[in-house]
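Subject: A structure for you to explore

Hi there,

Here is the structure I promised to pass on to you. Please open it beside this email and follow along as you read.

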4 protein chains.
Amino acid sequence: MINIAIIGAGKIAAVHADAVRRCKLTNLTWITNRTIEKAHAIAGPGVKVSSDAYAAIKAPDVDAIIITTITETHVAYILAAVHAGKAVLCEKPVDLDLDRARKCLERVEDFGGQVQMGFNRRYDPSILEIHERISAGEIGTLEQLTLISRDEFPPPLEYVPLSGGIFKDMMIHELDLARFFLGLIESIHAVGQNVVDPRVKELGDFDGAVAVLRAKSGAIGTIINDRRCVYGWDQRIEAFGSLGSLSMTNQHATSVVSSGTNTTSAHGRVTSNNAQRYGAAFEAQVAGFARALDKGSPLSPSLQDGVEALALAEAATIQAHNTPATVLG
Amino acid sequence: MINIAIIGAGKIAAVHADAVRRCKLTNLTWITNRTIEKAHAIAGPGVKVSSDAYAAIKAPDVDAIIITTITETHVAYILAAVHAGKAVLCEKPVDLDLDRARKCLERVEDFGGQVQMGFNRRYDPSILEIHERISAGEIGTLEQLTLISRDEFPPPLEYVPLSGGIFKDMMIHELDLARFFLGLIESIHAVGQNVVDPRVKELGDFDGAVAVLRAKSGAIGTIINDRRCVYGWDQRIEAFGSLGSLSMTNQHATSVVSSGTNTTSAHGRVTSNNAQRYGAAFEAQVAGFARALDKGSPLSPSLQDGVEALALAEAATIQAHNTPATVLG
Amino acid sequence: MINIAIIGAGKIAAVHADAVRRCKLTNLTWITNRTIEKAHAIAGPGVKVSSDAYAAIKAPDVDAIIITTITETHVAYILAAVHAGKAVLCEKPVDLDLDRARKCLERVEDFGGQVQMGFNRRYDPSILEIHERISAGEIGTLEQLTLISRDEFPPPLEYVPLSGGIFKDMMIHELDLARFFLGLIESIHAVGQNVVDPRVKELGDFDGAVAVLRAKSGAIGTIINDRRCVYGWDQRIEAFGSLGSLSMTNQHATSVVSSGTNTTSAHGRVTSNNAQRYGAAFEAQVAGFARALDKGSPLSPSLQDGVEALALAEAATIQAHNTPATVLG
Amino acid sequence: MINIAIIGAGKIAAVHADAVRRCKLTNLTWITNRTIEKAHAIAGPGVKVSSDAYAAIKAPDVDAIIITTITETHVAYILAAVHAGKAVLCEKPVDLDLDRARKCLERVEDFGGQVQMGFNRRYDPSILEIHERISAGEIGTLEQLTLISRDEFPPPLEYVPLSGGIFKDMMIHELDLARFFLGLIESIHAVGQNVVDPRVKELGDFDGAVAVLRAKSGAIGTIINDRRCVYGWDQRIEAFGSLGSLSMTNQHATSVVSSGTNTTSAHGRVTSNNAQRYGAAFEAQVAGFARALDKGSPLSPSLQDGVEALALAEAATIQAHNTPATVLG
């Protein structure tokens, strides 16, 4: 059994805690949070609780830690855990600063540390199925990948300045998936827009964005993001290849469809809750992490995957802010 | 070229006239209607018009007639045409009286006449495709056939006493399709209901009905009818077999789907217009009629098919009206 | 906390055990099974295990029992539990013999016992949603209900003689749902067929069936069953009313669709596993059972619902076997 | 009645001829083609035929001409027709050379000529419906538009050097639609790829492309093109706005779906034939042209629309060929 400590006790920590409890290879031993009451709320019987993350990181009954705290703490916890000989599963992104993230990677590599990035969508059953069917040759050569992700609601305005911007905060998931499906990315072109809340523009961020990526393979990836979607959490993928296509469609809470005077065969709202939509992915992510540790096989997605996705997000951010509008005509 | 006369000049006659004009083997030469103005409204340049159906039936520039008048006139026109050596395409049903219909069939057979029944759905591209794919073995042995047909609006109340009842007027289409897919029917059980307009009940008819048919093959057919459907003209089929299923889904005027706050991926209303939904079937029906006449091959569906469907409708009518409710418990 | 004992340790018992563990109002205290090893396999730490069901039924740390054993044992366990003052959640059917089931109901009522029947589909999120939206008036008056249930694989041949026949074993779920949606049923007409395995016919059972039910409300219900379905476990509902329709479509393991040379927008196989398809229903059923016990509100579906569904199944069985084929024509 | 001459007698000319025949405001009087036999093949009775386009352009029984010949002839025929006082419906593009196209527009404007461009998709019932529902406010502010167009088969290799490249030949349809939906385009970024046939690369063209357009409104348009699609002619649109989305899904020849061992609810191939997929659009385009001429209202899309779309295609071409791959990392 792998003993796990969870650092942080927010919403996502609760999802991880459930995943750890359901996994047959893992045992939840610690939860830490600055406000200890929140840690108590998630910890069940037999789980130690502390307001000091380092107490858990150093504890002998901890083999691996899951980092769910705010981004600026990630590097410090990663390095502490690696130095303590513990494996790490860290929520994305590594850091908002690409240089810091790269230095973190160097030190982890020097130390031979084991760090997995929490790009949980790589473990989503639908996304995994598409990846596996592509690998099995079902659609021939992958030529064009389209990733659509639209949040149900924009984040609180006060979060925007802390977020690192739409590319590092939101698109980074699709940038990682683009790398997962397309391999090496050679170039990226990104465009931002302000369509939801004018105050986001004043804060120097976008609330919509599109990016086009050219892969070394010759394939092109297209990513479409929007910070607001009235019909739910829009999460779709289309992988188009020489022999066909594989698509992930949106998911719903039930399989009920309705017909009335004006509409027919209508589904309900799209599943918007993270734990509902990607609950299976969170479970599979912890299971994958535990299985790799158990077998001694490499963790995936790795810390390097986290750095590469961040590099794409950084390039997109710079470009979207600096490229002047080529006024036509 | 096969010269065609159309008897009657109502809505369905106009649809047939278009089909005759588009068919490369046919030539529209006559349209007759008691009220001659209506015939003029449909006839284009070069088409003769008369208030006397028999003038067209006997005319030397007529090879075949299409009968679109009210049901009670069908038998007389069929026999007159057959005696005049003309082929016939007759709208359903043959007659409301099963005995008259059977006698008509006898006389047509004695005379060696050629009569096709206007069960146009056998020529619908979707229905034909299902029939052909079943014949090609795609779903193995056909085990269960489900036919759903729901009219958008109930017929005018004054039509109800003339209609022959829901089984002879409406379900007869599905009874014919049941025979088309299942072959010989051994037994039928029918249930009627009054859910739309209580005055229909006072007139001794139903406005909803379900029938279960047992085929000699061992397959079971289920037919569901309703006289009112708020989302359009509900026309669906499911053929279920040992190796899979083939279904005809509803059709829409465009391929637009919408998502909003409460519903996602919603189609618009179902196509309700006969000429729109079954326009291709009407064209293919005339083309099939002309091709068979041209090649001397048998017409299908035949007058006998019309009599057999009527016999099923008669059996259903008697049963639904006479079987007392087996009050349970 | 409500202490629960599970009688029986088969597949369905394991599903119930998970549901009991996830429910916040219940505590799993006992599992019994004639072969005690199977009970051990399901019981976690702290759960008592016995080969004697009555030991659990009488135990002071048991408030309620869940009966998952073979049908012929249900009545005895129900009565023992009720006499011991314990609430019961019993898998369907009550018994294969309608008289025994009715007598059981009488004795339970005399004793004031609390018995819920395991018609778990009433708790399925999709089915519940349809029921609630109908109750809220979304489709006006319910006119026609269509229930399709097709098993992926036929049961083992040796089970057929013990099953009570397709109507009591398989259709009983849809008969209960018909009552759930339509209320009082006035009449039923059932037709059986043998399409999957000729040996089932030799054993005096059917492997396909269709039933038509007339409700007191004027609505008609249609049930379609087949013992084999190559594309998975076909579980669909269509509720059609004066203002629209609500349908439950089939469910799939992922939301991936594919397009290739011959097919487009194709989903994968339909979810076939009971725990996957109705896992949420099993959880909600135990939660509903516990909540009702906690609040002292009536259990639903009740033992009487179990007897009524059995009465419909009995009527269908007799009719399908005895009604001669009305050979037409 | 508006008398129409069709210049050219290829496939698209035949589609236009059908549209002219079905339109109640138009009369087909001439068809011209260098190889006169081809003109004879399309012309029905009463239609004059010539190998000289100018004969038709000058003929007194011609009010308007439809130009369907190869691109390099468009400007000359447009100017000749305008000088002869005839209205024009010209197939896209105006010309491959943007300067020539602009000069043509100047001269037509100087002369007060009436020229409509054959961007027939603006008349497609599905596309029109989306445009109208957006205008009616159904999805609030249009934020993101995605246009996917993938040809079934790549064009013949010998056509590639004459085509003007993928942006002027293929994407020009989506560039026009982007203008139709988004209004003024401020900037465009385009990426090309070679994934289908390496010989296309040798000829200096691409066989896949993605473009991102920024509209003055703040909306972003994304266009995805591929020259080969095994499942048919992929023609889709998604318009996403602040209150919902409207999408055009692919269309199929029938509404049959199938389920088998591995796939469920599978549609057949996507409609690939131009006359089938956009037949209604071709009819509506001629009807719109005729109606505008009849009422004296402006033609739409106009020659200027043709020039603007060409300008976007030119900008995309230059950019996709000249922007070096920003090699990352």
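Below is what I found in it, one region at a time.

Please keep in mind from the start that this is a predicted model.

**The sheet in chain A**

A good place to begin is the open sheet of chain A, which has 6 strands in the order 3-2-1-4-5-6, paired in parallel. Which strands stand at the edges? They are strand 3 (48-50) and strand 6 (115-117) of chain A; each has a single partner strand, so one side of each is left without a neighbour in the sheet. From one strand to the next, the twist averages 20°.

If you would like to see one pairing in detail, look at strand 5 (residues 87-90) of chain A. This strand runs parallel to strand 6 of chain A, and 3 bridges join the two. Within that pairing, you will find C90(A) opposite M117(A) of strand 6.

**Helix 1 of chain A and its neighbours**

Helix 1 of chain A packs on this sheet, where it touches strand 1 (2-7), strand 2 (26-32), strand 4 (64-67) and strand 5 of chain A. The direction of helix 1 makes about 155° with that of strand 2 of chain A.

Helix 1 (residues 11-22) also meets another helix of chain A, namely helix 11 (residues 279-295): their axes come within 9 Å and cross at roughly 60°. Because of that angle, helix 1 of chain A counts as oblique to helix 11 of chain A. The crossing of these two helices is right-handed.

Which residues bring them into contact? From helix 1 of chain A come I12(A), V15(A), H16(A), A19(A), V20(A) and R22(A), and from helix 11 of chain A come F282(A), E283(A), Q285(A) and V286(A). Sorted by class, this contact has 6 nonpolar, 2 polar and 2 charged residues.

**A helix pair in chain B**

For a second helix pair, turn to chain B. Here helix 6 (residues 125-135) and helix 8 (residues 166-182) of chain B pack at an angle of about 25°, and their axes are 10 Å apart. Angles under 35 degrees count as roughly parallel, so helix 6 and helix 8 of chain B are described as roughly parallel to each other. I127(B), I130(B), H131(B) and I134(B) in helix 6 meet L177(B), F180(B) and F181(B) in helix 8 of chain B. This contact has 6 nonpolar residues, 1 polar residue and no charged ones.

**Some backbone details**

Most residues other than glycine have a negative phi, and most peptide bonds are trans. With that in mind, here are three places to look at:

- The peptide bond from K92(A) to P93(A) is cis, with omega near -10°; P93(A) sits in the loop between strand 5 and helix 5 (98-111) of chain A.
- S300(B) and P301(B) are joined by a cis peptide bond with omega about 0°, and P301(B) belongs to the loop between helix 11 (279-295) and helix 12 (303-322) of chain B.
- S265(A) is not a glycine, yet its phi is positive, at about 50°; you can find S265(A) in the loop between strand 13 (256-259) and strand 14 (266-267) of chain A.

**How chains B and C are related**

Finally, how many degrees of rotation superpose chain B on chain C? The rotation is 180°, with 0.0 Å of shift along its axis, and the RMSD is 0.1 Å. The two copies are thus related as by a two-fold rotation axis. Both copies use the same surface, as 100% of the contact residues of chain B recur in chain C.

Enjoy exploring!

Best wishes

Methods
Residues numbered from 1 in each chain as written. Chains lettered and ligands numbered in written order. Predicted model: local features only at pLDDT ≥ 70, side-chain atom pairs only at ≥ 80, totals over all residues. Heavy atoms only, no water. Axes fitted to C-alpha atoms, helices over the stretch in contact; angles between N-to-C directions. Helix = DSSP H or I, 4+ residues; strand = E, 2+ residues; numbered from the N terminus. Parallel < 35°, antiparallel > 145°, perpendicular 65-115°, else oblique. Left-handed = near helix turned anticlockwise from the far one by under 90°. Contact = heavy atoms within 4.5 Å. Nonpolar A, V, L, I, M, F, W, Y, C, P; charged D, E, K, R; others polar. Pairing = 2+ DSSP bridges. Least-squares fit on C-alpha atoms with pLDDT ≥ 70 in both.
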